Each structure stands twice: as C-alpha cells, then as structure tokens.
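Reader: I've got this model open on my screen and I'd like a close look at one part of it, the place where the two chains come together. Could you walk me through it, and through the sheet that goes with it?

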Protein chains: 2
Amino acid sequence: MHKNFKGIEKTVFGRGAFAQLGDILEERRQDNDKFMFFVVDNYFKGKDLEKKIPAKPQDVVRFIDVDPEEPTTQLIDSLRDEILSKKGLPSGVVGIGGGSIMDIAKAVSLMFTNEGSSTLYQGLNLVKKPGIYHVGVPTISGTGAEVSMTAVLTGPTKKLGLKCEWTVFNQVVLDPDLIASVPRNWWFYTGMDTYIHCIESENGLLNNAYSHSYAEQSLKLCREIYLGPNSGQTPENDDKLMVASLMGGLSLTYSEVGVCHALSYGLSKILGMRHCYANCIAFNHLHDYYAEGVTEFKEMIRKHKIDLPQGLSKDWTDEQITAMANVSYNLPHMWNHAVGPDWKDKVTVKDIEGLFRRL
Amino acid sequence: MHKNFKGIEKTVFGRGAFAQLGDILEERRQDNDKFMFFVVDNYFKGKDLEKKIPAKPQDVVRFIDVDPEEPTTQLIDSLRDEILSKKGLPSGVVGIGGGSIMDIAKAVSLMFTNEGSSTLYQGLNLVKKPGIYHVGVPTISGTGAEVSMTAVLTGPTKKLGLKCEWTVFNQVVLDPDLIASVPRNWWFYTGMDTYIHCIESENGLLNNAYSHSYAEQSLKLCREIYLGPNSGQTPENDDKLMVASLMGGLSLTYSEVGVCHALSYGLSKILGMRHCYANCIAFNHLHDYYAEGVTEFKEMIRKHKIDLPQGLSKDWTDEQITAMANVSYNLPHMWNHAVGPDWKDKVTVKDIEGLFRRL
C-alpha cells in the first residue's frame, strides 16, 4: 500500500513573486465573511516587508513572536476562537514567516472548521473536515513546512502534527528575495534542516526512487549553497535554497526522518529549543548513525564559522535527560525507518540517554 | 510576473500501485451520473492489465488505438458527444496508457463541461470551466503528460494544447510495474522525450533555479537508465524513469522546450509522425544547437542498438518540407526560449527547411 499524497495546489516561484500575492488573494476575497487573516512573523513588524503586505482595511494582520516557543495547541485554539467571535470566518489564512508561522497558518486553517481543541486532532488523519483556503509565504527556507502535510504543534502532553491531506497549502509563494536578509546563523540552522531531512530520508528503510531522487538533488543544492566555491548568502544561492527546501520536503513524502529528528523533538519538547537549532545540536554528534553526513556537516560549520555550542548536557539534570529520551523513544516511526523493524532490540531508553549526554 | 502553476492534486507512486486505483475511484463514484469513463490504450486489449481495470458494470471502458495518429480535436469531440448522449456526465475520466491517452483523458475531462468543439479552446487559458475529475495512469514514461498543464491536440489547422490549470490531473497513479513490458525501441524513444525536455529546458532563456534543479536531476536519472553500468530495462530503472519523466515535466513548468520540439511538431503535423519518435529523428541532427546533449544521445543510441533511421528527407517533397518549416516557425515561444527574443533575425523559414533536409 503506497502513500497517496496531496501536493501543494498552486506554486509561484521567483524573485519578486511576493508582489503577486495581492492578485492571487483577490480571487478568494468573496468567500466566507470576506476578510483575510494574515499571520506574520513578529520579526517583520516595522520592517519594509510589513508595508508590502497586501492587506485591505477589513483584513486582520496578526504579528506573532515565535521566538519564545514553537507553536502550541493553545495558541491555535485561542487565535481561532478570537477571530471567529470578533470577525467571523475568514476567506483565507496567509502565513508569512518561517516554519513555525507556516505551521500556525496550516493548523489554524483546519481549526476554523473543526470543533474543539486542536489537541483532539494531533496525529494522522484525525481532522474531520477540510480547513479554509490557506497560503504559505516562507521568509526563511529549510524546514519544508511549505510543502508538508503536517502542522507540528506542541500540546500539553505531546509534540505532534495535525497530519492530513487538508493540511497542505492551497497556494505557496516562493520569493527568494524574502530570505535574503536572514541572519547568518539562522540561514545555516534552517538550511541544515533540509540537509538533515535528506540524509535521514536516504539512510533508512522507507527510501524509494521517488524520495531518493528528491533527496539527492536537494543534497546537491545544499552542497552548492554551503560548501562549493560559490557558497554563501547570494541571490543565486537563495534561489537554490528555496528549491532545496521544497525538494527535501518532497523527499519525506515517501520516506521518513530518523535519529536526529527523534532527539531534536526531545530537545524541543523538554527544553523548548527551536527545531532547526536542536537538529544541528543533535546531528553534530550522530557520527555513529550518519558518518558521511556528519563529516560534511562539520565542514560546513567550519566554512561559515557558525556558532554551535557543545557540552550542553553538563547543565541538564538526569530527570531532563530521561524525559528527553522518553520523548525520542516514543517516536517509533523514526526509529523504525532509521534502525529497522527490530529497533527495540537495538535501542533502549538508556542508549538514547547516552546520545543526549554527548550533546 | 512569475507563473503561478497548478500541481497534480494527488500522486501515488510505487510498484503495484495500480491495485489501489479501485479504492481511489470509490470516493468519487457518487458524483454526476455515477459511472466512470476509462480510456485505455488499445495495446492492452486482451492483455493481463485489461482484467485488472477496476471497472464496475455501469462504467464505460473504451479502448483507443493511438497508433495511426496523435489525438485529434475530432476524436475528443465525438467521444464527449457520444458518452453524454448515451450515458450522461461521468463521475470521472481515467486514462490508462501513454502520452496520447493522457492527453485524451485530460482533454475530454475539460470538454465534458465546456460547450462546442475543442478547436475553440486550443491555446492558453481559453477553457471557461473546470472539467470533471480525471486520473492519469501512465503505462509508458517520458512525455511528462502526467504532470503537464496541457493536453496536446491536432486540429484541422493546428497542433496545439488545451492549456490551463484545470487540465492538470486530479490524481496520478505511478506504478513502475506498468512500464516493464514496453518494447525496447519505444522505451528509448519515450524516455528520450524526457531527456530532450531537460536539454531544451536547460539551454534557453527561461531556465531558472526551479527548472534547472528538476532538469539536472532528471538528466542524472536518464544517464543512469540509458548510459550507466546498470543501464537498461530493469525494475530499478523503471522506478527511476517514472520519476525522471515527472521531473522533466516539472522542469518545463518554468522553462520551455526548444528547437527539437519545434521541428518535431512539424514532423507530427505534416507527416503524422509520433511525437517521441519525431523528437529522436530531429534531435539526432541538432548538434549545432545542443552539442553535448546530441553527443550523449548518440552514445545512448549505440549502447542500446536502437533503430533510428536517417536520410528520410530524400523522400519528402519540397512542399512537405516547406509546410513542416512553417509549422515550426509558428511556435515563437520555443524559438524565443532557444535562440532569444531576436530569433527572427537569426532564424528564417529557409533555415528551418535546411534543418529538415538534414533528417
């Protein structure tokens, strides 16, 4: 039984494509209660991009600070309840920002039409109805959230996505100009999310010709962006990074992430560490699992003089380490892909604690 | 202004995926007049695949011989009129076959809801309403018709596609087992359609990071399938060819075909030559335009001992050659991409006649 996956409905790619957003939204402005709901990374408040958002007087533009924590079920529920009670049902939701903002836009689109708390829908195919029209405009590339069929949320008991075909964006606007001013360290951490997606996708059970073809090309682009003679933050590399992120995400359609993401979820859930950064912190010490990938990753770190702390675990309590290891252990689909169906014979919670102690 | 393109809505990829078609169609069987319309390449009449088509008693299964000619506007109109008058509006159209069958399924889906002859809609965005649900199941890979937003038809005056976002399939089933028994020469000719798409996409004005990334990976797959140490018709290469065809098609989303396709359209329109074969006949002599690609193509021809006739033009009349050159010349988007905006200063109908005389 092969996965029957939903693709992004419409995509526009190219420098300056953000200027087309107004025309794109125009076609949907008569739907529902005739206003658009923009969810924008707080980073852009007061910046040039704010003035270019094609909002009309009836629209709601909400700036959200995603720095303190990754998107929570509580945030989604309260956004939904507030907008519904004050303004009604939007014509559409437009997310402008990084992976967290993409996830907020996708999740709130679904929750506008599905009753109760979003905690009820964390998992695969639990959502009951299609959401409203939703558009993703990435301003930082790498997570693949622009193409994935999941909206990852941290709830009171678990970090898990609202995963179904209706999660996928109706429209994505890929404008490489929007990622030009990303600070160096974050350009690296988020780009490495794509690199790690591909390494994990390739090294595991579920990899097939489809996921391999996408991962291979995405890795090639990552090498040009982060290692080659023309590496660095240039307009050409920004173009490539947007495509690499998309292709890394498409690779995961048929394959899976692995050990690094399992650890990263533990770091995010227990310590509140940001996803892409947590991936880098973990991947740096996973030579046993991904030897070639980790070697190349370290080269990239050196080349771009990236700050990546080590020795963090000495400040963690045993309880924190056990809690993180439990979060990781409870992601069987990742371990199954990376280690095999008999992974429980090979990897214990104690082993995973050992991995966390390396960080 | 960047193209805002429509993607395939749902895709299932993997060996044996054809067995999932029945379940996929089940969800749509209550639509319209509650029957499915299957359009199947006549090649499969009496073959094993015929028994596996998930048709129900109320469905219409029509075998079509696409060998004598490429799909015509007349064929589409008469199929539509016949089905509507005898059975009503289908729940969906399912095309099972190669590029011609894909084009028939896409075109007839649109013509079920758009009045008058399909000749009225040949061109970009002339179609007025969305068509009915339509599914593509390729049984031969390379044309990219499974992913493209065009359904190429030969009309009384022109060979031109019904090109709009509603042309794109709602569902594609990519089962590499279905292409396993393709005869050697056709495995080559159709695969080369992808190879040529990528060479033309890469060598021209419109190529961008998106089209380049897809073309580069598709070319890499083509080299593995047709040139590398493991080249040939194997299950692994059939997997790759299905992905290469998809990626070659996606490369053209932002880029364009070039000189080879311009000549090929002339060969098909005037001589009725099949598209993929016509491409190979023309590409073999386009060293002036695509030197590296043509050299590699000739290596592939030799490696797989493919029959590719030369010296055909000695049997063509001057009138035929002029007519073909005129068809080619009247594809300005291809010449513009391949030669530049000043192509009319560089290429005359006489020059194109000269290219045809080489074949």
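Author: What follows is a tour of the contact between the chains, then the sheet, then a few details further out.

Keep in mind that this is a predicted model. Start with the contact itself: chain B puts in 37 residues and chain A puts in 37 residues. Between them, chain B and chain A bury about 3,000 Å², and carbon and sulfur atoms account for 53% of that. If you want residues to click on, go for H2(B), N4(B) and F13(B): in chain B they lose the most area to chain A, together 20% of what that side buries.

Now for the polar side of things. Across this interface there are 21 residue pairs in polar contact, and 4 salt bridges turn up there as well. For a salt bridge with names on it, take K10(B) and E165(A), where the closest N and O atoms are 2.6 Å apart. Which elements of chain B do the touching? Those giving two or more residues to the side facing chain A are β1 (4-6), β2, α6 (209-226) and α7 of chain B. Of these, α6(B) gives the most, with 9 residues. Sorted by character, the residues on the chain B side come out as 16 nonpolar, 10 polar and 11 charged.

The strands get involved too. Strand β2 (residues 10-13) of chain A is joined to β1(B) by 3 bridges, and the two run antiparallel. Within that pairing, K10(A) has K6(B) as its bridge partner.

On to the sheet that takes in strands from both chains. It is an open sheet of 7 strands, and the order reads β1(A)-β2(B)-β10(B)-β7(B)-β5(B)-β3(B)-β4(B), with mixed pairing. At its edges stand β1 (4-6) of chain A and β4 (60-64) of chain B; each has a single partner strand, so one side of each is left without a neighbour in the sheet. On average, neighbouring strands here are turned by 15 degrees against each other, ignoring direction. Further in, β5 (residues 92-97) and β7 (residues 134-138) of chain B pair in the parallel sense over 5 bridges, and V93(B) has H134(B) as its bridge partner in β7(B).

Two helices to look at lie across strands of this sheet. Helix α7 (residues 235-254) of chain B lies across β2, β7 and β10 of chain B, at about 160 degrees to β2(B). This is one of the elements you met at the contact with chain A. Helix α4 (residues 99-111) of chain B lies across β3, β4, β5 and β7 of chain B, and runs at about 170 degrees to β5(B).

Chain B also has an open sheet of 3 strands, in the order β6-β9-β8, again with mixed pairing. Here β6 (123-124) and β8 (150-154) stand at the edges with a single partner strand each, so one side of each has no neighbour in the sheet. The pairing of β8(B) with β9 (residues 159-163) of chain B is antiparallel, over 5 bridges, and T154(B) stands opposite K159(B).

One last zoom out, to the salt bridges of the whole structure: there are 43 over all chains. Among them is the one between E82(A) and R62(A), at 2.7 Å from N to O. That pair links distant parts of the chain, with E82(A) in helix α3 (residues 73-86) of chain A and R62(A) in strand β4 (residues 60-64) of chain A, 20 residues apart.

Note on methods:
Residues numbered from 1 in each chain as written. Chains lettered and ligands numbered in written order. Predicted model: local features only at pLDDT ≥ 70, side-chain atom pairs only at ≥ 80, totals over all residues. Heavy atoms only, no water. Pairing = 2+ DSSP bridges. Helix = DSSP H or I, 4+ residues; strand = E, 2+ residues; numbered from the N terminus. Axes fitted to C-alpha atoms, helices over the stretch in contact; angles between N-to-C directions. Contact = heavy atoms within 4.5 Å. Buried area = accessible area lost by both parts, 1.4 Å probe. Salt bridge = Lys/Arg side-chain N within 4 Å of Asp/Glu carboxyl O. Polar contact = N/O pair within 3.5 Å; in protein donor to acceptor, adjacent residues only side chain to side chain. Nonpolar A, V, L, I, M, F, W, Y, C, P; charged D, E, K, R; others polar.
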